[in-house]
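Open the model in a viewer and keep the sequence at hand. This tour goes from selection to selection and says what is there at each stop.

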Amino acid sequence: MITDLAVQGAQMLLVLLFAPLLTGLVRKVKAQLLRRQGPPVLQPYRELARLMRKEVVLAENASWLFRVNPYLIFAATWVAASLVPTFGTGLMFSWSADLIAIIALLGSARFFLALAGLDVGTSFGGIGSSREVMIASLAEPAMLMIVFTLALVVGSTQLSTMAGVLLSSEVGLRVSLGLALISLIMVAIAENARIPVDNPATHLELTMVHEAMVLEYSGRHLALIELSASLKLLLYISLIACLFAPWGLARPGAEPVALAIGIASYAGKLAVGALLLAFFETAIAKMRVFRVPEFLGAALMLGLLATLLLFVSKSL
Amino acid sequence: MTVTIALSCVAVLLALAALAPAMRGSPAATPIVYSVALVASVVSTLAALGHLVGASAPASVTLPLGLPWLGAHFRVDALSAFFLFVVGLGAGAASLFALGYGRHEQAPMRVLPFYSAFLAGMNLVVLADDAFTFLVSWEFMSLSSWALVMAHHRERDNAHAGYVYLVMASFGTLALLLAFGLLAGADGGYAFAQIRAEAHAPALAGLVLMLVLVGAGSKAGLLPLHVWLPLAHPAAPSHVSALMSGVMTKVAVYGFVRIVFDLLGEPAWWWSMVVLALGGITAVMGVLYALMQHDLKRLLAYHTVENIGIIFIGLGLALAFKAHGMAFAAALALSAGLLHVFNHSVFKGLLFFGAGAVLTATGERDMEHLGGLIHRMPQTAFVFLVGCAAISALPPLNGFVSEWLTFQAILLSPQLPSWGLKFLVPAVGALLALSAALAAACFVKAFGVTFLGRARTTAAERAQETDRFSLAAMFFFAALCLVAGILPGAFIDALAPVAQSLVGGRMPVQSGVEWLSIVPIAESRSSYNGLLVFLFMVVSGTLAAFAIHRLASDKLRRAPAWDCGYPDASPATQYTADSFAQPIRRVFGTVVFRARERVEMPPPGDMRPARLTVEVHDLIWDALYAPIAGWVAFAADRLNKLQFLTVRQFLSLVFAALVILLLVLAIWQ
């Protein structure tokens with residue numbers, strides 16, 4: 001009981017600690033690929049600490065919701081991130097939300113973020129929110145189709161069970177899983193506001209979505225929003241790792257050695273994920289906002305196709 | 001016992017409807033009517049809840065009313081008790097809300113008598129146990145609600161709304177009348193017990209299903225019969241809108257479930273496909289229509305269409321599983337659908353109350369004239385936000401639970417042997433996911449444009465917080481949204497007798513599961529714990545706030561908005577409801593609504609402003625209703641000549657009709 005609780009607590013702290021590091025790593029690799037030196041990997045921590053110490057400059061028109069939202073968004077994202085298996089399966093509270101619920105939790109975070117964009121009543125906030133919900137309205141169904149595909153292969157929507165079954169040799173290579181992986185990567189890119197859907201590094205007015213919504217935030221509020229964004233990126237990489245590369249995951253009630261292996265392999269997977277993301281983002285150009293529906297529509301169709309294949313035959 | 005209590009409550013409501021006109025002119029009329037309605041609703045709700053939780057045996061009563069050889073049969077079984085509970089809960093909260101809201105009514109006598117008659121009608125439909133009583137109550141409910149729609153008959157468009165509603169309601173009742181006629185057969189066995197005992201031929205049963213889909217579906221708002229709903233629901237006073245949208249559509253769902261699951265016997269394999277396809281299309285189209293609206297109450301009414309679609313997806317899945325003998329999966333799907341019935345009645349009631357409070361405070365329903373109300377009406381804003389989050393299926397609130405259960409039911413469907421279903425169910429799943437995501441977008445818009453940002457008009461600037469009764473009703477529903485979201489196990493268990501009696505199976509008992517989780521199938525398969533998710537969110541949020549305020553900084557300074565350095569003082573520069581929906585309109589609307597945007601850019605030197613015109617078509621209205629209306633007008637024009645015949649011509653016409661009828665009869669025999 002106590003050990004279980006400690007492992008669960010360790011997971012919660014681990015995701016919180018790794019999240020800024022992951023963002024720093026992606027930025028560093030991207031800079032290196034562009035032959036720039038780039039900020040140190042630990043820079044995001046310094047930024048967070050600085051933002052937290054600064055005073056909040058609140059727009060005159062901002063309501064209580066605007067001040068509560070960063071905490072709500074952070075809480076929803078953090079809870080979601082701590083429920084995805086990172087270094088081990090069968091965590092103490094892993095059954096409290098299955099994959100559908102985790103996605104819905106991220107949906108809650110987005111709902112409140114979009115409201116925050118509208119709260120001050122500026123045109124930038126509005127443009128960000130309206131585009132964000134348009135992207136979400138396509139990304140979320142695609143995500144659910146991916147969940148359906150995986151759940152049909154595995155017979156469960158419980159992430160621990162899913163990782164356990166996928167880790168065993170009984171599943172093997174399947175067309176539907178391949179389609180689901182491609183679709184999941186496309187959704188993850190859109191959900192995390194990465195290139196080619198959105199650009200996390202820009203403040204160019206007409207290209208931004210996520211940054212436009214959070215334009216009015218400052219100080220500790222902004223720190224929490226940035227931390228939530230890092231957590232979300234970490235969550236998606238952990239999700240892809242736990243479903244499509246579940247090697248090294250510690251089983252429930254594992255020895256400390258297995259846990260250590262789990263943590264080491266998890267760190268390795270995150271690093272690989274960061275590298276691939278940085279390569280991808282450097283190699284591709286940002287697309288126009290109204291091209292995004294085609295991109296996500298493709299993800300939705302891939303997910304639907306994968307689900308249909310499984311409805312037709314269990315072995316595809 | 002329950003049936004006696006429920007009927008006494010109905011009698012009280014009917015007496016109230018009859019007595020209300022006697023109190024004309026008295027200022028006490030409004031509080032008296034609404035308090036009596038409140039008490040009667042609370043009593044019937046508690047009785048129904050007792051029946052449901054105690055899993056009591058069905059009880060029936062026959063009163064010497066109605067047809068002399070039939071009498072009026074009333075019966076309460078698990079299904080009736082559940083819907084009696086939904087009706088009573090909605091009616092009680094609406095009465096409480098109206099204790100405050102009703103004071104602003106200009107002509108209370110246009111509302112009060114019909115209000116209690118409407119409540120009585122809804123209760124009677126749920127209690128009826130023979131076709132005659134059912135149809136009379138159904139029509140009673142329709143007509144009293146029509147009178148309520150026409151309460152503000154001088155307002156623009158309300159007369160049109162009332163007219164369309166009346167036509168659609170009569171059409172729906174006609175379909176139900178034919179359905180019951182087919183069910184009762186030539187001998188006229190109108191009691192439900194007789195209908196239930198009889199075996200129905202497959203072709204006849206299929207025809208009845210279609211008629212019920214038209215009859216109950218038009219009342220519930222299934223596409224393409226939904227057209228009256230977004231017109232009529234917003235036209236009524238807001239507490240009646242809440243009842244019509246939250247409760248009366250559920251009475252229609254009751255009619256569907258009663259006939260198709262109970263009276264019609266074993267379903268054929270293709271029934272579920274019709275219901276599923278209609279449900280999926282209704283869900284997505286309802287929310288897309290809602291996204292295009294900027295009238296707050298009309299947006300909510302279109303959302304009812306969406307939620308009816310979600311409910312029918314659950315019911316369709318239950319039919320599919322039942323037809324293939326999978327009782328357990330059918331129980332899961334049916335419970336999901338019925339739980340959504342309850343959930344929707346709660347949050348839709350809450351949202352319409354909120355819209356009513358906004359209407360009282362500002363006199364505006366158009367979101368483009370609102371904005372910034374969170375500063376003026378913080379409590380209404382809070383409860384409205386809870387309702388928005390619940391209807392958008394966000395955890396840990398209640399809307400998520402029923403949609404989650406529906407998804408779980410969809411994931412059980414690959415085991416279905418029929419190929420048609422194998423292709424249809426995943427597509428319906430995608431439609432359900434799409435509608436859930438679009439609903440969240442729509443409520444970001446509804447809440448954001450109405451309550452957030454800066455006030456767009458002086459009416460919105462001067463709004464005042466609403467009265468205590470209205471707030472009490474709204475806070476009650478908001479609390480229910482949370483309770484049903486974090487403790488769904490109790491609600492699922494209460495639905496077990498309903499599922500047992502209709503599909504012959506039940507979901508596992510949830511009350512014994514550790515930590516109050518819900519486990520629809522098996523723990524290794526899926527589980528959800530709203531309570532823990534809620535607690536985790538509260539704890540981590542507070543922890544973060546506490547740590548940051550203590551250890552880092554808690555300083556705060558107010559300053560003008562930043563807006564990339566170019567803040568504009570005019571509130572007109574904010575995003576509006578229409579501009580917010582523009583990206584989604586471009587993505588979906590170009591096909592679904594044939595939406596076209598035209599930019600008129602004057603040449604350089606011309607001082608006229610540039611204009612953006614958006615053209616949106618309602619294709620269902622254009623393709624289905626406009627031609628029918630055209631034909632009717634055409635026929636009416638031609639038949640108009642009959643009004644100006646001489647007496648001799650009239651008499652020969654009557655004679656010819658008589659001869660033809662007798663000939664038909666002779667050939668028939």
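The stops below cover each chain in turn, then the contact between the chains, then packing inside one chain and a few backbone details.

**Stop 1: chain A.** Bear in mind throughout that this is a predicted model. Select chain A and colour by secondary structure: there are eleven helices and one strand. Read from the N terminus, the order of elements is α-α-β-α-α-α-α-α-α-α-α-α. The C-alpha trace of chain A spans about 60 × 45 × 45 Å along its principal axes. Chain A has 316 residues and a radius of gyration of 19 Å, which agrees with the value near 20 Å that a compact globule would have.

**Stop 2: chain B.** Switch to chain B, where the secondary structure comes to 24 helices and five strands. With 669 residues, chain B has a radius of gyration of 26 Å, close to the 26 Å from the globule rule, so chain B is as compact as a globular protein of that length. Its C-alpha trace spans about 90 × 70 × 60 Å along the principal axes.

**Stop 3: the contact between the chains.** Show both chains and select the residues of each that touch the other. The selection holds 75 residues from chain A and 72 residues from chain B. On the chain A side, the elements that give two or more residues are α2 (43-53), β1 (56-59), α3 (64-83), α4 (99-119), α5 (123-154), α9 (219-244) and α11 (292-312). Which of them gives the most? It is α5(A), with 18 residues. Colour this side of chain A by residue class, and 45 residues come up as nonpolar, 19 as polar and eleven as charged.

**Stop 4: a strand pair across the chains.** Select β1(A) together with β3 of chain B, residues 556-559. The two strands run parallel and are joined by four bridges. To find the register, pick A:Leu58, which stands opposite B:Arg558 in β3(B).

**Stop 5: a helix pair across the chains.** Next select α3(A) and α21 of chain B, residues 530-552. Their axes are 8 Å apart and the packing angle is about 125 degrees. An angle in that range lies outside the parallel, antiparallel and perpendicular classes, and α3(A) and α21(B) are therefore oblique to each other. The crossing is right-handed.

Show side chains for this pair. From α3(A), the residues in the contact are A:Tyr71, A:Leu72, A:Phe74, A:Ala75, A:Ala76, A:Trp78 and A:Val79; from α21(B) they are B:Val533, B:Phe536, B:Met537, B:Ser540, B:Gly541, B:Ala544 and B:Ala545. By class these divide into twelve nonpolar, two polar and no charged residues.

**Stop 6: two helix pairs within chain B.** Hide chain A and select α3 (residues 78-101) and α19 (residues 468-486) of chain B. They pack at about 155 degrees with their axes 6 Å apart. Angles over 145 degrees count as roughly antiparallel, and α3(B) and α19(B) are therefore placed in that class. The crossing of α3(B) past α19(B) is left-handed. The contact residues of α3(B) include B:Leu96, B:Phe97 and B:Gly100, and those of α19(B) include B:Phe469, B:Ala473 and B:Phe476. Ten residues of this contact are nonpolar, two are polar and one is charged.

For the second pair, select α2 (residues 29-53) and α4 (residues 112-127) of chain B. Here the angle is about 10 degrees and the axes are 10 Å apart. α2(B) and α4(B) are therefore roughly parallel to each other. In the contact, α2(B) supplies B:Ala29, B:Thr30, B:Val33, B:Ala37, B:Ser41 and B:Ser44, while α4(B) supplies B:Leu112, B:Tyr115, B:Ser116, B:Leu119 and B:Asn123. The classes come to six nonpolar, five polar and no charged residues.

**Stop 7: backbone details.** Most residues other than glycine have a negative phi, and most peptide bonds are trans. Return to chain A and zoom in on the loop between α7 (175-191) and α8 (210-213), where A:Pro196 is found. The bond joining A:Ile195 and A:Pro196 is cis, with omega about 10 degrees. A:Ala193 also lies in the loop between α7 and α8 of chain A, and its phi is positive, near 55 degrees.

Last, go to the loop between α8 (202-220) and α9 (229-235) of chain B and select B:Pro224. The peptide bond from B:Leu223 to B:Pro224 is cis, with omega near -5 degrees.

Key:
Residues are numbered from 1 along each chain as its sequence is written. Chains are lettered from A and ligands numbered from 1 in the order in which they are written. This is a predicted model: local features need pLDDT of at least 70, side-chain atom pairs count only at pLDDT 80 or more; totals for chains, interfaces and linings use all residues. Two residues are in contact if their C-beta atoms, placed from the backbone, lie within 7 Å. Ala, Val, Leu, Ile, Met, Phe, Trp, Tyr, Cys and Pro count as nonpolar, Asp, Glu, Lys and Arg as charged, and the others, Gly among them, as polar. Two strands pair if DSSP finds at least two bridges between them. Axes are lines fitted to C-alpha atoms, for helices over the stretch in contact, and angles run from 0 to 180 degrees between N-to-C directions. Angles under 35 degrees count as roughly parallel, over 145 as roughly antiparallel, 65 to 115 as roughly perpendicular and the rest as oblique. A crossing is left-handed if the near helix is turned anticlockwise from the far one by less than a right angle, and right-handed if clockwise. The radius of gyration is taken over C-alpha atoms; the globule rule is 2.2 Å times the number of residues to the power 0.38.
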